[in-house]
Amino acid sequence: MNAFPASGPHAICPPDTADVAVVGHGDASREQLTAVRSRIPSLYADPLAWLVADAVENALPECPADVLDRREDVAVILVSAHCTLHTMDAVARSLPAPRVSPLRFAGASPGSAGSLLCLLHGFKGSSLTFSMTPEDGLPAARTVARSWLRSGDAPYVVLCAHQRHGEQGHLVRCAVLAPAVGVTHAGDARAAAGRE
């Protein structure tokens, strides 16, 4: 079963969203969320954060080059009911130990599931985590993404949704969103007015 159909209320970006374009998309999946060896020394991130980062890395090759050129303003939204449960559980089980790594506490924050990709790619725009299922969270996440794009607060929004499929494991689907061609957002209008 595909939890992220191309159309309907649970799509990352439904085709009837005329003012938003999908300029890149990527998926990543794992049967189990287990510890992942960090590619960055002295950095711990929850396994879901690595899966989200993998989905985004699969999306970026399709994107215009200026996504990375404008990374200072790229926004990120993650929708996941699971978030960092793997790390929270590991921290809870290790509490009788005399010492628990502070890196694990930082990695246990639900918001950190979507922040690793910001560290890896230098995205510094607005970020938000909806700690709920895609079914419940995607409509609000799409509304926020469209608002950020329309207002000019972000030139691109990386929207990721995570779903657990029982025996099939974990799937993260990512869409990189931009204003549709020909859509002028408030930021462009303000910039044009300032040049006159």
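**A tour from strand E2 to helix H6**

Select strands E2 and E4 (residues 157-164) first: five bridges join the two, and they run parallel. The model on display is predicted. Within this pairing, centre the view on Ile77, which stands opposite Leu159 of E4.

Next, restrict the selection to E2, residues 75-79. Five of its five residues are buried, so the strand is largely enclosed by the rest of the structure. In a regular strand the side chains alternate between the two faces of the sheet. Accordingly, inspect E2 from each side: Ala75, Ile77 and Val79 lie on one face, Val76 and Leu78 on the other, and all of them are buried.

Now add strand E3 (residues 127-130), which pairs with E2 in the parallel sense over four bridges. To locate the contact, select Val76 together with Ser127, its bridge partner in E3.

Return to E4, where six of the eight residues are buried, leaving the strand mostly covered. Extend the selection to strand E5 (residues 170-179): E4 and E5 pair in the antiparallel sense over eight bridges. One position to display here is Arg164, whose bridge partner in E5 is His170.

Finally, move to helix H6, residues 134-151. At 1.5 Å a residue, its 18 residues should span 26 Å, and the distance of 24 Å between its end C-alpha atoms agrees with this. Colour the buried residues of H6, which include Gly137, Leu138, Ala141, Arg142, Ala145, Trp148 and Leu149. An α-helix has 3.6 residues a turn, so residues three or four places apart point the same way. The tour ends at Gly152, just after H6, where phi is positive at about 85 degrees.

Terms used:
Residues are numbered from 1 along each chain as its sequence is written. This is a predicted model: local features need pLDDT of at least 70, side-chain atom pairs count only at pLDDT 80 or more; totals for chains, interfaces and linings use all residues. Side-chain values use heavy atoms; hydrogens and water are left out. The expected span of a helix is 1.5 Å times one less than its number of residues. Buried means under 20% relative accessible area, exposed over 50%, partly exposed in between (1.4 Å probe, protein chains only). Two strands pair if DSSP finds at least two bridges between them.
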